[in-house]
Amino acid sequence: MALATEQRSCVDIVFKKSCDMSEHIKIDIAALRKIGWDHWDPIGIRQLDDSAWRTNAADEYDTYLLQAANMILQGSTCETVAAYFDEIVSDSMAVGPPSEAVHRASLLTAEAISAYLQVDRASF
């Protein structure tokens, strides 16, 4: 799903609340991107001046951030989500094993997404 970096949009995520119920959560993709750019940018895209690169990276990062949000909504711990981010860095981005600093960034990102979802969920 490609969204322009400047576009403010919500994405519906469906998650299971219990065996027989599911709930829709609207996630502001701009808020999720801000979390990602603030805490997790393993390949340093935010430092580039080329807006095309930033837009393409935002689209790729959106997929990872939305998956992380879904994992949290499904009950995954922040450490599990951080491990998911670390796997993205080492496998999908082929950067190599994540350093301690990269892992800390992954964990901070997971914690920030979790905090965002807790605040957001409380308003429903």
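How much area does the protein expose, and what share of it do carbon and sulfur atoms supply? In this predicted model, the protein exposes about 6800 Å², and carbon and sulfur atoms supply 54% of that area.

Begin with the whole chain in view, colored by secondary structure, where you will find four helices and two strands. Followed from the N terminus, these elements run β-β-α-α-α-α. Of the 124 residues in the protein, 43% are buried, and if you turn to contacts with a separation of 6 or more, 56% of them are accounted for by residues 24 or more positions apart.

Next, select residues 29-39, which form helix 1, and add Asp 28 to the selection. At the start of this helix, a side-chain oxygen of Asp 28 reaches to within 2.9 Å of the backbone nitrogen of Ala 30. Ala 30 is itself among the buried residues of helix 1, a set that also includes Ile 29, Leu 32, Arg 33, Ile 35, Gly 36 and Trp 37.

Now move along the chain to residues 78-92, which make up helix 3 with its 15 residues. From its first C-alpha to its last, helix 3 reaches 20 Å, close to the 21 Å expected at 1.5 Å a residue. Show the side chains of Val 81, Ala 82, Tyr 84, Phe 85, Asp 86, Ile 88 and Val 89, which are the buried residues of helix 3. When looking along such a list, bear in mind that an α-helix has 3.6 residues a turn, so residues three or four places apart point the same way.

Finally, select Ala 94, just after helix 3, where the backbone takes a positive phi of about 50 degrees.

Key. Residues are numbered from 1 along each chain as its sequence is written. This is a predicted model: local features need pLDDT of at least 70, side-chain atom pairs count only at pLDDT 80 or more; totals for chains, interfaces and linings use all residues. Side-chain values use heavy atoms; hydrogens and water are left out. Buried means under 20% relative accessible area, exposed over 50%, partly exposed in between (1.4 Å probe, protein chains only). A polar contact is a pair of N or O atoms within 3.5 Å; within protein, one must be able to donate a hydrogen and the other to accept it, and residues adjacent in sequence count only if both atoms are side-chain atoms. The expected span of a helix is 1.5 Å times one less than its number of residues. Contact means heavy atoms within 4.5 Å. Accessible areas come from the Shrake-Rupley method with a 1.4 Å probe; for residues, only the protein chains shown count as cover.
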